[in-house]
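Work through the exercises below with the sequence and the structure open side by side. Each task is followed by a solution in steps.

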Amino acid sequence: MQDDMIKIGGIFRAARDIKGMTQAGLAEVTGVDPRTIMDIENDKRFPTYEVLFKIIRILGISADQIFWPDKIKSTPEQEQIIREFLECSEWEQVVIMKTMRTLVRSLREENRP
């Protein structure tokens, strides 16, 4: 259980940082004491199911990152980009996908031996 707690604290801290939230801000929106958030992030306390659920939802963390961290191949930054992409309109997503494909092709061509 201790190994899982270490991963959870780091995952929460990274996701909170990406969102630009403070520990106090996260505590306020989850309805817990700021010390609780600090303890969770420092692996001194494991969140209750209710608090875990709230933090996952507020920070937009995939439950897989918490329950199967060894199977996750993406970083919190990549997860944030995916969330932002999914919040775009259909037209914006089409433009982003075309741009990404062009960029990837260009980078691969530049790096060919």
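A residue counts as buried under 20% relative accessible area, as exposed over 50%, and as partly exposed in between. The model is predicted.

**Exercise 1. Classify Arg35 as buried, partly exposed or exposed, and state how far its C-alpha atom is from that of Glu77.**

Step 1. Arg35 belongs to helix H3, residues 34-41.
Step 2. The relative accessible area of Arg35 is 43%, so Arg35 is partly exposed.
Step 3. Arg35 and Glu77 are 42 residues apart along the chain, and their C-alpha atoms are separated by 26 Å.

**Exercise 2. Decide which helix has the lowest mean pLDDT and which has the highest.**

Step 1. For the chain, the mean pLDDT is 85, and 91% of the residues reach 70 or more.
Step 2. Among the elements, helix H1 (residues 2-19) has the lowest mean, 74, and helix H2 (residues 23-30) has the highest, 96.
Step 3. Over residues 1-6 the pLDDT is below 50, and this stretch has seven contacts in the model beyond near neighbours in sequence.
Step 4. Where pLDDT is low, the predicted coordinates should not be read in detail.

**Exercise 3. Describe the surroundings of Arg16: its burial, its contacts and its salt bridges.**

Step 1. Arg16 lies in helix H1. Its relative accessible area is 8%, so Arg16 is buried.
Step 2. With neighbours within four places in sequence left aside, Arg16 is in contact with Met21, Thr22, Gln23, Leu26, Glu41 and Leu59.
Step 3. A salt bridge requires a side-chain nitrogen of Lys or Arg within 4 Å of a carboxyl oxygen of Asp or Glu. Arg16 meets this rule with Asp17, where the closest N and O atoms are 3.6 Å apart. Asp17 is partly exposed, at 48% relative accessibility.
Step 4. Arg16 also forms a salt bridge with Glu41, at 2.6 Å from N to O. Because Arg16 is in helix H1 and Glu41 in helix H3, this pair ties together parts that are 25 residues apart in sequence. Both Arg16 and Glu41 are buried.

**Exercise 4. Find the salt bridge of Lys54, and then place the salt bridges of Arg16 in their network.**

Step 1. The partner of Lys54 is Glu50, with the closest N and O atoms 3.4 Å apart.
Step 2. Lys54 and Glu50 are four residues apart in helix H4 (residues 49-59), which means that about one helical turn separates them.
Step 3. Lys54 is partly exposed at 30% relative accessible area, whereas Glu50 is exposed at 51%.
Step 4. Elsewhere, salt bridges with shared partners join Arg13, Arg16, Asp17 and Glu41 into one network.
Step 5. By the 4 Å rule, the count comes to five salt bridges.

**Exercise 5. Identify the buried residues of H2 and H4, and say how they are arranged around each helix axis.**

Step 1. In H2, the buried residues include Leu26, Ala27 and Thr30. They cover an arc of only 100 degrees around the axis, so they are on the same side of H2.
Step 2. In H4, the buried residues are Val51, Leu52, Ile55, Ile56 and Leu59. Their arc around the axis is only 130 degrees, which puts them on the same side of H4.
Step 3. An α-helix has 3.6 residues a turn, so residues three or four places apart point the same way.
Step 4. The face of H4 turned away from its buried side carries the exposed residues Tyr49, Glu50 and Arg57.

**Exercise 6. Locate Gly31, Asp43 and Gly60, and give the sign of phi for each.**

Step 1. Gly31 comes just after H2 and has a positive phi of about 80 degrees.
Step 2. Gly60 follows H4, with a positive phi near 70 degrees.
Step 3. Asp43 is not a glycine, yet its phi is positive, about 60 degrees. Asp43 sits in the loop between H3 and H4. At 19% relative accessibility, Asp43 counts as buried.

**Exercise 7. Which residues form a nonpolar patch on the surface, and how much accessible area do they have together?**

Step 1. The patch is formed by Ile96, Met100, Leu103, Val104 and Leu107, with about 380 Å² of accessible area together.
Step 2. One of them, Met100, is found in helix H7, residues 90-110.
Step 3. Met100 has a relative accessible area of 43% and is partly exposed.

Terms used. Residues numbered from 1 in each chain as written. Heavy atoms only, no water. pLDDT = per-residue confidence, 0-100. Helix = DSSP H or I, 4+ residues; strand = E, 2+ residues; numbered from the N terminus. Contact = heavy atoms within 4.5 Å. Buried < 20%, exposed > 50% of the residue type's maximum accessible area, 1.4 Å probe, protein only. Arc of directions from axis to C-beta. Patch = residues over 30% accessible without salt bridge, like charges linked within 9 Å, V, L, I, M, F, W, Y side chains within 5 Å. Areas by Shrake-Rupley, 256 points an atom, 1.4 Å probe, with all protein chains shown as cover.
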